[in-house]
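Colleague: I would like to learn how to read a model of this kind, beginning with the sheet and ending with the ligand. Could you take me through it slowly?

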Amino acid sequence: MFIVELLKAIGDRKSIRAFKSNKIPKKALLDILRIASRAPSGLNCQPWEFFIVRGKVLEQLKRACLSAHRSGEPKTPDIQVYRMKGIVPKFDGIFNQRRVALGKQIFSILGISKEDKEGQAKWVENMVRFYDAPAALIIAVDRSLRDEWPLLDIGLVSENILLAAQEYGFGTCIMRAIVDYPLLVRKIVGIPESKRIIVGIAIGYADTTHPINSLRTERENVQKIVTFVE
Ligand SMILES: Cc1cc2nc3c(=O)[nH]c(=O)nc-3n(C[C@H](O)[C@H](O)[C@H](O)COP(=O)(O)O)c2cc1C
């Protein structure tokens, strides 16, 4: 791959939130994970473990998450997450502004107004069903690696997965919503207690006719976030 293609791939990647129902071949998923796991990791410990959930088990997981969401069950992800009451109290200023901007962009594309609480709730339910992607990839880390450090490695392998999947013609959305109810995920997918569930990735063929997939999110001007020191 020429460098210009790599830069284009990085620049083009974006989250996909509507999928076709077509299955993804197992071989393609394995190829993506094989190449993605060339990611660097501290001490080359390669802390990532992948669970690919498809078919009936995925349906069961989606149903269980939706039912937990509808009954207001508390979300108890295995890793600390922004904006969870009592966990990380400080999420305001520019960070909150960006979050709000994202929400506005999404609801504007979908034609859901500020007052349309039902429309918003429906969209959130769609997210809780992992946007009906035909596969959900879950990344876990052994609990013996209990510090924050392996999370950096998971970030690196995750972006590799998103980019490799794109090269294979698949759309992806990295998602906290897949791992918000780890007790359910553990039980239904069969992930042992000895593994920390870190993040999920919805993956499938993008439904290019769905307006949400036209979303192109904003980025801060790089000049504002860089300090040269010489
Ligand atoms: C750790 C992490 C968790 C995320 N969880 C969700 C999620 O639960 N639902 C969702 O729709 N998008 C989720 N996203 C996607 C972000 O909203 C998205 O990456 C961001 O808005 C930038 O847009 P882009 O990916 O299209 O460039 C998550 C992204 C990351 C990195």
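The dialogue below takes up the sheet, then the helices, then the surroundings of the ligand.

Modeller: Please keep in mind throughout that this is a predicted model.

Colleague: In what order do the strands of the open sheet lie, and which are the edge strands?

Modeller: As a general idea, strands of a sheet pair through backbone hydrogen bonds, either parallel or antiparallel. In this structure the open sheet has four strands in the order β1-β2-β4-β3, and the pairing is antiparallel. The edge strands are β1, residues 48-54, and β3, residues 171-175, each of which pairs on one side only. On average, neighbouring strands of this sheet are turned by 25 degrees against each other, with direction ignored.

Colleague: How many bridges join β2 to β4?

Modeller: Strand β2 (residues 135-142) and strand β4 (residues 195-204) run antiparallel and are joined by eight bridges. If you wish to find your place there, look for L137, which stands opposite I201 in β4.

Colleague: Turning to helices, what span should helix α4 have?

Modeller: The general idea is that an α-helix has 3.6 residues a turn, so residues three or four places apart point the same way. For the span, one reckons 1.5 Å a residue, which means that the 18 residues of helix α4 (residues 93-110) should span 26 Å, and the end C-alpha atoms of α4 are indeed 26 Å apart, in agreement. Just after α4 comes G111, which takes a positive phi of about 70 degrees.

Colleague: And how are α3 and α7 placed against each other, at what angle and with their axes how far apart?

Modeller: Helix α3 (residues 55-70) packs with helix α7 (residues 182-190) at an angle of about 160 degrees, their axes being 10 Å apart. An angle over 145 degrees counts as roughly antiparallel, and α3 and α7 are therefore described in that way. The crossing in which α3 passes α7 is right-handed.

Colleague: Which word, by contrast, describes α2 and α6?

Modeller: The axes of helix α2 (residues 26-36) and helix α6 (residues 149-167) come within 8 Å and cross at roughly 135 degrees, so α2 and α6 are oblique to each other. Their crossing is right-handed.

Colleague: Finally, which residues are around the ligand?

Modeller: Among them are K14, S15, R17, L102, M127, V199 and T217, together with C173, I174 and M175. The largest share of this shell, three residues, comes from β3. By character, the shell divides into seven nonpolar, two polar and three charged residues.

Technical notes: Residues are numbered from 1 along each chain as its sequence is written. This is a predicted model: local features need pLDDT of at least 70, side-chain atom pairs count only at pLDDT 80 or more; totals for chains, interfaces and linings use all residues. Two strands pair if DSSP finds at least two bridges between them. Helices (H or I, at least four residues) and strands (E, at least two) are DSSP runs, numbered from the N terminus. Axes are lines fitted to C-alpha atoms, for helices over the stretch in contact, and angles run from 0 to 180 degrees between N-to-C directions. A residue is near a molecule or strand if its C-beta atom, placed from the backbone, lies within 6 Å of it. Ala, Val, Leu, Ile, Met, Phe, Trp, Tyr, Cys and Pro count as nonpolar, Asp, Glu, Lys and Arg as charged, and the others, Gly among them, as polar. The expected span of a helix is 1.5 Å times one less than its number of residues. Angles under 35 degrees count as roughly parallel, over 145 as roughly antiparallel, 65 to 115 as roughly perpendicular and the rest as oblique. A crossing is left-handed if the near helix is turned anticlockwise from the far one by less than a right angle, and right-handed if clockwise.
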